[in-house]
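Reader: I am new to this structure and would like a close look at one part of it, with its surroundings described step by step. Could you choose one place in a loop and work outwards from there?

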Amino acid sequence: MTTVAVKPATMAQALTRAMRDAMAADPAVHVMGEDVGTLGGVFRVTDGLAAEFGEDRCTDTPLAEAGILGAAVGMAMYGLRPVVEMQFDAFAYPAFEQLVSHVSRMRNRTRGRMPLPITVRVPYGGGIGGVEHHSDSSEAYYMATPGLHVVTPATVADAYGLLRQAIASDDPVVFLEPKRLYWSKDTWNADHPTEVEPIGRAVVRRPGTSATLITYGPSLPVCMEAARAEGWDLEVVDLRSLVPFDDETVCASVRRTGRAVVVHESTGFGGPGGEIAARITERCFHHLEAPVLRVAGFDLPYPPPMLERHHLPGVDRVLDAVARLQWEAEN
């Protein structure tokens, strides 16, 4: 029997390999964005692609996000599969009109005759000491836009598998990459990548009985650390896909534990946690032992680097929420 060798790989390396393999498999796949070519991207996620496939398929663009995504719309209408990088989360806002007015609507507008297979890669979230416009968690905007799929990996295997699925999808996908996990490592074989669940499916990362922590992207490691704390037996659900949303896996977990806390870096007011809590309440009301709680970023513009540790959900805040889940009702 041949033993398949595995070695540590970073999320950034897995994302690079996903684009490389997609470009090798399909000449219609084109990567484009600011500094993605010669430089290999600010985070070096596109490193080597221009050298291997040429600048016609890994293209440096002007600093004009609306123009980048607008060009991608035209490319997709003519049969290509653009993979667009928005250099930082808040840099994507100038392109939002293109995303809402055209990318999200074209398939519906043409009654299915013209899909737009565009993948919009957005490095997002905090934890890297970045200033305002470099650390936003803007997923709620994309979730509230019908016609978009919204995906965010938290593991090396998912980074590769979900990005390959996103590029192959005929629906436009906003692919949110947690910046602070770019350099996280796991054992992974690039030549024989592990198959992962499809877009639209959540995964239970840790089974438990006391309560369910529901999270995604950069907050998964925080929840996994919190779940290892003594005194609780916490289940951790990694959503992976915000749209489509996996009600089945989430609700099955909450029905088992009877309690739930949603954890994310985005703001609490109007953030993803409100929608998730509502869906759980509607579907699991008679199984809940306590209200669904949220641990989120504060309702303010992203703070300066020296203050971001107070803004981001941490283990202590997660455990404080778990402690507030009306445990006295069992006495």
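Author: A good place to begin is Arg44, which sits in the loop between S2 and H2, and everything said about it here refers to a predicted model. Arg44 has a positive phi of about 60°, although it is not a glycine. That deserves a remark, since most residues other than glycine have a negative phi. Is Arg44 buried, partly exposed or exposed? Its relative accessibility is 43%, and because buried means under 20% and exposed over 50%, Arg44 counts as partly exposed.

From here we can turn to the aromatic residues. The model has nine aromatic pairs. In one of them Phe43 and Phe88 meet edge-to-face, with 5.4 Å from centre to centre and 65° between the planes. This pair links distant parts of the chain, for Phe43 belongs to the loop between strand S2 (29–33) and helix H2 (49–53), while Phe88 belongs to the loop between strand S4 (81–85) and helix H4 (96–103), 45 residues apart. Phe43 and Phe88 are both buried, whereas Arg44, in the loop between S2 and H2, is partly exposed. The two phenylalanines also belong to one aromatic cluster, together with Phe91, Tyr182 and Trp183.

The two loops that hold Phe43 and Phe88 are reached through S2 and S4, and these strands are themselves partners: five bridges join S2 to S4, and the two run parallel. Within this pairing, Met32 stands opposite Val84 in S4. S4 also pairs with S5 in the parallel sense, over three bridges, and there Val83 stands opposite Thr119 in S5. How well covered is S4? Five of its five residues are buried. Arg81, Val83 and Glu85 point one way from the strand, Pro82 and Val84 point the other way, and all of these are buried. This fits a general pattern, in which the side chains of a regular strand alternate between the two faces of the sheet.

S5 leads on to a residue that can be set beside Arg44. His133 lies in the loop between strand S5 (119–124) and helix H6 (139–143), and its phi is near 75°, a positive value in a residue other than glycine. His133 counts as partly exposed because its relative accessibility is 38%, just as Arg44 counts as partly exposed at 43%.

A further backbone feature is found at Val243 and Pro244, which are joined by a cis peptide bond with an omega of about -5°. In general, most peptide bonds are trans. Pro244 is placed in the loop between strand S12 (241–243) and helix H9 (247–257).

Finally, the model also contains an open sheet of five strands in the order S9-S11-S10-S13-S14, with mixed pairing. Its edge strands are strand S9 (203–206) and strand S14 (293–297), each of which pairs on one side only. Within this sheet, strand S10 (residues 211–215) and strand S11 (residues 234–238) run parallel and are joined by five bridges, and the bridge partner of Leu213 in S11 is Val236. Helix H8 (residues 220–227) lies across S9, S10, S11 and strand S13 (260–267), and runs at about 165° to S11.

Methods
Residues numbered from 1 in each chain as written. Predicted model: local features only at pLDDT ≥ 70, side-chain atom pairs only at ≥ 80, totals over all residues. Heavy atoms only, no water. Phe/Tyr/Trp six-rings, centres within 6.5 Å; stacked < 30°, edge-to-face > 60°. Helix = DSSP H or I, 4+ residues; strand = E, 2+ residues; numbered from the N terminus. Buried < 20%, exposed > 50% of the residue type's maximum accessible area, 1.4 Å probe, protein only. Pairing = 2+ DSSP bridges. Contact = heavy atoms within 4.5 Å. Axes fitted to C-alpha atoms, helices over the stretch in contact; angles between N-to-C directions.
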